[in-house]
Amino acid sequence: MSQEKKMKLTLPVEEYVGSGNLACQGCGANLALRYILKALGPKTVLCIPACCWAVIDGPFPHSCMSVSIYHCAFETAASTATGVKAGLDMLGDTDMNVVSWAGDGGTLDIGIQALSGAAERNDDIIYVCYDNEAYMNTGIQRSSATPKGAWTTTTPVKFPKVESKKDIDAIMAAHRIPYQATASIAYPEDLYKKMLKAKNIKGTRFFHIFAPCPTGWKSRPEDAVKLARMAVQNCLFPLYEIEHGENLALNIKIQNKKPIDDYLKLQGRFRHLKPADIQSMQEEVDRNWNRILKKAQGC
Amino acid sequence: MRKVIMGNHALSYGAMLGRAQVIAAYPITPQTQVVELLSEMCADGTLAAKFIKVESEHSAMAACIGASVAGARTFTATSAQGLALMHEMLHWASGGRHPVVLGNINRAMAPGWSIWSDQNDSLSERDTGWMQFYCSSNQEVLDTTIQAFKVAEALFIPAMVILDAFSLSHTYEVVDVPDLDKVDAFLPPFKPYARVDYRTPRAFNGLTGPENYMELRYKLQKDMERVPEMVEATGREYEKLFGRHLGAVDAYRCEDAETILVTSGTAGYTAHVAVDEMRKDGLKVGNFRMRMFRPFPFDIVRRVLLPAKKVAVVDRNISYGHHGMFAQEVKSALYGIPGAPPVFGFIAGLGGRDITPASFREVVDTAAAQDRPAEEILWIGVKR
């Protein structure tokens, strides 16, 4: 037994998300918040708008969290955080991380004005969008983060979503904020490392975290991390960071880019797609990936 | 120190003397000078505050709420469309018990575009759980702003300080601007009972089921009911220090009046002058200028109005399909009381049309000619 090899724990053991919360089985958003708080630590305030996490935390007067949370209005994740940061600064608590923790609907749709405003002012907040690609908390309605072709309750199979996913990362890059990153629950060390880096940067920092939702994607809970990993490996959701809107750096280099077929097959929301649809999706993934590669090469 | 300042700057001075710590605002005519002066005060160090130049009024109120839950004293100012855009967040501020103070310049709602005064913007927000104070002079604007912080923070209820577009916002008057140290003695720093803090982590505003929600609203109402007394007490304390009394209402020559005008804002100031003129002509008229509309000061309203023979409410606002809103509420206060005087509901001055002493003469003459109101709404100065 003396020869036993032990795996090395690469993340802090401290937990700020308690057990017994109301997340669904296999919830990507639950994992995502666990990981980012391991990097940010206890001196953190979360501003949570309407999203799955408005419920996961637990009903009043309970909370599963060991950091403070302010549940704010749907479109105010950024503006509330801006105010909290200003207030804390005035009271001398200048070393706190003020985090907007919002879903894709609250970020790409209803909250984009406030987010753009905060980014333009370079307010000293960390805005994190956990992206499960639809309004999952209200019952799987399409958002502008929903991929083209996906079934949702407002894009039924007969009238599927025909629009492509909004490129929020390019929008944020256009704001020239000091730091932004994409991240995935399948790459916790990468997420942790980038959040640590962001923590020590002043100004607006933006994270876009890919967070599968078994309930809304009609996938198996045990496949959540696998799906997130596949989305990185097939270049559907590349992991990178950008500083000041330029200098894109790929964090996970992909040697053998895989087709998206296997990724789609594991999800009921894509079951209706025909080979031509899948081909079209593949072409879009390829186009996006090539664009990222060009930016990574500085052209 | 006595200064000649515009109504908008009276708000700015009120916020400065109240030592607002976070200000978040978006420009809208006719409010702009309020925040312009405050941004200068923040820039030159007159006021130690963070000034957040947000991209909308919705974000302004959200940022004020965030700063308030962090423990800071917060202030914003807006008008009309801006206040309407804040509507959701007005509920958030009161429901979350964040004592934000907001200056609203009464401006008519579009369309058509109007920048002139009426009260439909603020009165459309009467059910949002905010205190509402209507001012009739620049001195009152400044004094009310300072007192609003005190009452709001004592009860954790946000407060609106309201003044008319142009007839107050852009009108220059002599204002006694008190010394900062005297105001400090009156208004201690904001001490919230709970804030977002790493020392004691808390979750605010979590999902609240039917088993708890009603109690939160009951508590808000019970604290609202404490406001009238607190406004009077705060007014008396302020008077001791600064020599000026402001209560929930300003009742002028009402004791022996047969007809009492119910007014608010600058029109209430005009009514004061009109009452003196009509008294000279032998008309027994009084002016009951309501400074506080929310909470509605039922007791004072009943005490002052019940002895009158007629009550004539002049509303610079309208609830379409119903009455003017002051008239609605005065009626509800007097309802069911034996011998209560009839309430005549007049509407005048919408969209900034002038309300003059002659308007009040017409109001009093109309009420005199009718035993009971001939119509649900009696219009003054409308082209039919």
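These legends walk through several views of a predicted model with chains A and B.

**View 1. Chain A as a whole, with eleven helices and eight strands.**
Welcome to chain A, a good place to start. Its radius of gyration is 19 Å, close to the 19 Å that the globule rule gives for 299 residues, so chain A is as compact as a globular protein of that length. The C-alpha trace spans about 60 × 60 × 45 Å along the principal axes. Of the 299 residues, 58% count as buried. Looking at contacts with a separation of 6 or more, 68% of them come from residues 24 or more positions apart. Chain A exposes about 12,600 Å², and carbon and sulfur atoms supply 54% of that area. It carries 36 positive and 31 negative charges, whose mean positions are 5 Å apart.

**View 2. Leu108(A) and its neighbours in chain A.**
Where does Leu108(A) sit? Leu108(A) belongs to helix H4, which covers residues 104–109 of chain A. Its relative accessible area is 0%, so Leu108(A) is buried, the cut-off being under 20%. Leaving aside residues up to four places away in sequence, Leu108(A) touches Cys129(A), Ser144(A), Ala145(A), Lys166(A) and Ile168(A). Take Lys166(A) from that list: Leu108(A) and Lys166(A) are 58 residues apart along the chain, and their C-alpha atoms are separated by 7.4 Å.

**View 3. Lys158(A), a residue in a loop of chain A.**
The loop shown here runs between strand S4 (126–131) and helix H6 (168–173). Is Lys158(A) buried or exposed? With a relative accessible area of 74%, Lys158(A) is exposed, because exposed means over 50%. Follow the chain to Gln297(A), 139 residues away from Lys158(A), and the two C-alpha atoms are separated by 41 Å.

**View 4. A tilted aromatic pair, Phe210(A) and Trp217(A).**
Over all chains, the count of aromatic pairs comes to 17. In the pair formed by Phe210(A) and Trp217(A), the rings are 5.6 Å apart centre to centre, with 55 degrees between the planes. Phe210(A) counts as buried at 0% relative accessibility. Trp217(A) is buried too, with a relative accessible area of 0%.

**View 5. An edge-to-face pair in chain B, Phe293(B) and Phe296(B).**
Here the ring centres are 5.9 Å apart and the planes meet at 85 degrees. Phe293(B) and Phe296(B) are both buried. Which residues form the aromatic cluster with them? Tyr134(B), Phe298(B) and Phe326(B) join Phe293(B) and Phe296(B) in one aromatic cluster.

**View 6. Chain B as a whole, with 13 helices and 16 strands.**
Now step back to see all of chain B. A compact globule of 384 residues would have a radius of gyration near 21 Å, and the 20 Å of chain B agrees with this. Taken along the principal axes, the C-alpha atoms fill a box of roughly 65 × 55 × 45 Å. Buried residues make up 61% of chain B. Among contacts with a separation of 6 or more, 80% are between residues 24 or more positions apart. The exposed area of chain B is about 15,000 Å², with 54% supplied by carbon and sulfur atoms.

**View 7. Gln147(B) in helix H7 of chain B.**
Helix H7 takes in residues 138–155. Gln147(B) is buried, with a relative accessible area of 7%. What does Gln147(B) touch, not counting residues up to four places away in sequence? Its contacts are Phe186(B), Thr234(B), Gly235(B), Tyr238(B) and Leu246(B).

**View 8. A cis peptide bond in each chain, before Pro61(A) and before Pro30(B).**
In chain A, the bond from Phe60(A) to Pro61(A) is cis, with omega near 5 degrees. Pro61(A) lies in the loop between helix H2 (52–56) and strand S2 (68–71). In chain B, the cis bond joins Thr29(B) and Pro30(B), with omega about 5 degrees. Pro30(B) lies in the loop between strand S2 (22–25) and helix H2 (32–44).

**View 9. Positive phi angles at Asn122(A) and Phe166(B).**
Asn122(A) is not a glycine, yet its phi is positive at about 55 degrees. Asn122(A) is partly exposed, at 36% relative accessibility. Phe166(B), also not a glycine, has a positive phi of about 65 degrees. Phe166(B) lies in the loop between strands S7 (159–164) and S8 (172–176) of chain B, and it is partly exposed with a relative accessible area of 24%.

Methods. Residues numbered from 1 in each chain as written. Chains lettered and ligands numbered in written order. Predicted model: local features only at pLDDT ≥ 70, side-chain atom pairs only at ≥ 80, totals over all residues. Heavy atoms only, no water. Helix = DSSP H or I, 4+ residues; strand = E, 2+ residues; numbered from the N terminus. Rg over C-alpha atoms; globule rule 2.2 N^0.38 Å. Buried < 20%, exposed > 50% of the residue type's maximum accessible area, 1.4 Å probe, protein only. Contact = heavy atoms within 4.5 Å. Areas by Shrake-Rupley, 256 points an atom, 1.4 Å probe, with all protein chains shown as cover. Lys, Arg positive; Asp, Glu negative; His and termini not counted. Charge placed at Lys NZ, Arg CZ, Asp CG, Glu CD. Phe/Tyr/Trp six-rings, centres within 6.5 Å; stacked < 30°, edge-to-face > 60°.
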